[in-house]
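I open a notebook page for this structure. I want to look up confidence first, then the strands, the helices and the rings.

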Amino acid sequence: MKNFLVVTFALIAFYSCTLTESVINATLTNTLDDGKEVVDTTYNNKMAYLYNSRDINVPLDSSVVVDGKFTLKFKPDSSILVYRIRVDDRAVSVLSDLAKMNVSIESIKKAPNNYNITGSALNDEFKKFKIAARTLESKFGALLDGVRKEYDSSDPTVYPEYKKAETVVMDKFKVAYDSLNLEFVNNNKDNELGIYVLSDWISVMPFDYSKFTLARTDSLLATVSERVRNYSTVVKSRSMLEAVELTSLGKMFADFSGTDAKGDSVKLSDYVGKGDYVLADFWASWCGPCIGEFPNIRAAHEKYLGKGLVVLGVNIKDKKDKFEKAVEAQNITWPQICNFDNDEAAEKYGVNAIPFIILFAPDGTIIEKGLRGGGIENKLAELIK
């Protein structure tokens, strides 16, 4: 017997001048081995939630499942590209097509893309894109896992060979990834899917998943509709890429401000451009890989302290209390710049993935970005004799 979530989008519009409310009527069902579909009541009294997929902490609406059914209401919002419906371990993401549609999905834990939608051609294409993207990620992820098993990236003596092997795999992935995204953008130049693909595509460009430059991005944007080009997430992604180019290797540092571990005001320029190399580590308390990088950061701090290197933490997208607990738990003794109330540091350097480690020269120019593992010691040993 297969479990499915079947959702019927019954969009009920109440007009003054604009659409003010939509309603989702949903039925949970089981499909038996003989193909017969029955209402699934095993989720009765559980909560069903509707989210903006980019903010799954605050539901747009919620409802109790009664007799295998529930209703969710929401006000259409042009800034929300993808909605997410969740009931316990079942979930589905749909583009904001707002067409009348039926959605069925198996347990998200078992098969995140195993769902069907009728009544929305746009969501059919959305599903095809997600499956194609996940297939690519799985294929090249397995290849990268093989590289990581073969080389110990934390060993400075092995790191160059590891990086070389990793680059070979990533270069092939970039070609395939760009080709997939370009296909879907070209086929969806004036709809939500085009916006979704383009926004995410541009946002990962700075992190070496593709070979895009700002000029190439603008060339691509010229081929899509004005609506897609000016959509907020596309504009934001382009701004991020622009920030990356403005802070590329060889460029002078971009200053930003924040507070130190004691809560006093501080700027990046208080450390950078003062005659020492500066290793700046962008991190957050909730980021596992950031915590995993601390041994390498600490080793650099202890080895080169007083020898021409300043290690600096840049805490972003974090909460003050969690930051303080992490500092104590990890015994962080190097200085910090924190952005608890804004994203200035991340925006200045186009950071959307952490840890993100930058090395600044004594004069404030940017020497290296994206250092990790044994690559940190290799670069410092090369520069600081």
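**Confidence.** I am working with a predicted model. I looked up the mean pLDDT of the protein chain and found 83. In 85% of the residues the value reaches 70 or more. I then noted two stretches with low values. Residues 105-112 have a pLDDT below 50. In the model this stretch still has 17 contacts beyond near neighbours in sequence. Residues 206-210 also have a pLDDT below 50. For them I noted 19 contacts beyond near neighbours in sequence.

**A sheet.** I turned to an open sheet of four strands. In which order do the strands lie? I wrote down 5-4-7-8, with antiparallel pairing. Strand 5 (61-64) and strand 8 (90-95) are the edge strands, and each pairs on one side only. I checked the turn between neighbouring strands of this sheet: on average it is 15°, with direction ignored.

I took a closer look at one pairing. Strand 4, residues 47-52, runs antiparallel to strand 5, and four bridges join them. Opposite Ala48 I found Ser63 of strand 5.

**Helix on strands.** Next I followed helix 1, which spans residues 121-150. Helix 1 lies across strand 7 (82-87) and strand 8. Its angle to strand 8 is about 115°.

**Helix on helix.** How do helix 1 and helix 2 pack? I noted an angle of about 175° and axes 10 Å apart, with helix 2 covering residues 159-186. Angles over 145 degrees count as roughly antiparallel, so helix 1 is roughly antiparallel to helix 2. I listed some residues of the contact. From helix 1 they include Phe129, Leu136, Phe140 and Leu144. From helix 2 they include Tyr162, Val169, Phe173 and Leu180. Charged residues take part too, among them Glu125 and Lys128 of helix 1. I sorted the residues of this contact by kind: 17 are nonpolar, one is polar and six are charged.

**Rings.** How many aromatic pairs are there? I wrote down 16. I picked out Phe294 and Trp334. Their ring centres are 6.2 Å apart, and their planes stand at 70°. Planes over 60 degrees apart count as edge-to-face, so I entered this pair as edge-to-face. Where do the two residues sit in the chain? Phe294 belongs to helix 7, residues 288-304. Trp334 is in the loop between helix 8 (320-329) and strand 15 (336-339). The two are 40 residues apart, and the pair links distant parts of the chain.

How values were computed:
Residues are numbered from 1 along each chain as its sequence is written. This is a predicted model: local features need pLDDT of at least 70, side-chain atom pairs count only at pLDDT 80 or more; totals for chains, interfaces and linings use all residues. Side-chain values use heavy atoms; hydrogens and water are left out. pLDDT is the predictor's confidence in each residue, from 0 to 100. Contact means heavy atoms within 4.5 Å. Two strands pair if DSSP finds at least two bridges between them. Axes are lines fitted to C-alpha atoms, for helices over the stretch in contact, and angles run from 0 to 180 degrees between N-to-C directions. Angles under 35 degrees count as roughly parallel, over 145 as roughly antiparallel, 65 to 115 as roughly perpendicular and the rest as oblique. Rings of Phe, Tyr and Trp (its six-membered ring) pair if their centres lie within 6.5 Å; planes under 30 degrees apart count as stacked, over 60 as edge-to-face and the rest as tilted.
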